[in-house]
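Me: I'd like to practise reading a fold with you, one feature at a time. Could you give me the general idea first and then the case at hand?

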Amino acid sequence: QVCAGLQGGVEAAIHAMRRMYNDPDCQAVLLVDAENAFNSLNRMVALHNMKYTCPNLFRYTVNTYRQPADLFIGNTEESLLSQEGTTQGDTSAMGMYAESLMPLIEGLKSHVGKDLKQIFYADDAASAGKLENIKKWWSSLQNDGPIYG
């Protein structure tokens with residue numbers, strides 16, 4: 001996950017993807033863009049994961065996201081509760097999203113093994129390698145990903 005904490009993270013992702021693609025053992029590359037990912041992030045799972053993966057950011061995010069926030073509708077008295085996802089404009093949203101997915105990323109690595117290369121930039125993922133391994137990776141991502149949002 002290169003979207004937070006790295007200067008030029010997207011550039012690093014591009015160069016890593018180029019190396020993966022040019023590897024002589026690479027049969028295919030699969031690019032995935034999660035649908036509505038930042039709004040669908042499971043906050044409770046994210047906070048749980050962050051408690052262990054990034055305790056420094058956890059303190060801020062638990063204070064920001066442990067309770068639903070009121071979203072007020074126009075010039076009315078009506079409101080909705082925001083219970084999932086990150087808040088638009090929150091400068092920690094990228095880091096929260098990145099850290100919350102680390103167990104998923106590590107799990108994918110253990111399901112498929114070191115023969116498959118993967119890279120994540122926020123809600124965009126790529127895997128490269130042998131077709132059989134990419135199929136395993138994609139199946140695992142479809143199976144395990146929804147837990148995270």
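Me: Let's start with helix α4 in this predicted model. Which of the residues in α4 are buried?
Reply: Helix α4 covers residues 55-65, and its buried residues are Leu57, Phe58, Thr61, Val62 and Tyr65.

Me: How should I read that spacing?
Reply: The general idea is that an α-helix has 3.6 residues a turn, so residues three or four places apart point the same way. Here, looking down the axis of α4, the buried residues lie within an arc of 130 degrees, so they line one face of the helix. The face turned away from that buried side carries Asn56, Arg59 and Asn63, which are exposed.

Me: What covers the buried residues of α4?
Reply: The cover includes α3 and α5.

Me: And how do I describe two helices that pack together, such as α3 and α5?
Reply: Two packed helices are described by the angle between their axes and the distance between the axes. For α3 (residues 43-53) and α5 (residues 93-100), the axes come within 8 Å and cross at roughly 85 degrees. These two helices are therefore roughly perpendicular to each other. On the α3 side the contact is made by Ala46, Leu47, Asn49, Met50 and Thr53, and on the α5 side by Met96, Glu99 and Ser100. By character, the contact residues divide into 4 nonpolar, 3 polar and 1 charged.

Me: Let me try the burial reading on another helix. Which residues of α6 are buried?
Reply: In α6, residues 102-112, they are Leu104, Ile105, Leu108 and Val112. Their arc, seen down the axis of α6, is 100 degrees, so these buried residues line one face of the helix. Among the elements covering them are β4 (117-121) and α7 (131-148). Look also at what follows α6: glycine 113, with a positive phi near 100 degrees.

Me: Now the strands, please. What should I look for when strands pair?
Reply: Strands of a sheet pair through backbone hydrogen bonds, either parallel or antiparallel. Take β2 (residues 69-72) and β3 (residues 79-82): they run antiparallel and are joined by 4 bridges. Phenylalanine 72 is opposite serine 79 of β3. The two strands make a hairpin with 6 residues between them, and glycine 74 in the turn has a positive phi of about 45 degrees.

Me: What is the strand order in the open sheet of 3 strands?
Reply: The order is β1-β5-β4, and the pairing is antiparallel. β1 (28-33) and β4 are the edge strands, each with a single partner, so one side of each has no neighbour in the sheet. From one strand to the next, the twist averages 10 degrees.

Me: How many bridges link β1 and β5?
Reply: β1 and β5 (residues 124-129) pair over 6 bridges in the antiparallel sense. One bridge partnership to find is valine 32 with alanine 125 in β5. Helix α7 packs on this sheet and touches β1, β4 and β5, with its direction at about 15 degrees to that of β1.

Me: To finish, how many helices and strands does the protein have?
Reply: There are 7 helices and 5 strands, and from the N terminus on they run α-β-α-α-α-β-β-α-α-β-β-α. The C-alpha trace spans about 60 × 30 × 30 Å along its principal axes. Of the 149 residues, 38% count as buried. Finally, take the contacts between residues at least 6 apart in sequence: 67% of them join residues at least 24 apart.

Notes:
Residues are numbered from 1 along each chain as its sequence is written. This is a predicted model: local features need pLDDT of at least 70, side-chain atom pairs count only at pLDDT 80 or more; totals for chains, interfaces and linings use all residues. Side-chain values use heavy atoms; hydrogens and water are left out. Axes are lines fitted to C-alpha atoms, for helices over the stretch in contact, and angles run from 0 to 180 degrees between N-to-C directions. Angles under 35 degrees count as roughly parallel, over 145 as roughly antiparallel, 65 to 115 as roughly perpendicular and the rest as oblique. Contact means heavy atoms within 4.5 Å. Ala, Val, Leu, Ile, Met, Phe, Trp, Tyr, Cys and Pro count as nonpolar, Asp, Glu, Lys and Arg as charged, and the others, Gly among them, as polar. Buried means under 20% relative accessible area, exposed over 50%, partly exposed in between (1.4 Å probe, protein chains only). The arc is that of the directions from the helix axis to the C-beta atoms. Two strands pair if DSSP finds at least two bridges between them.
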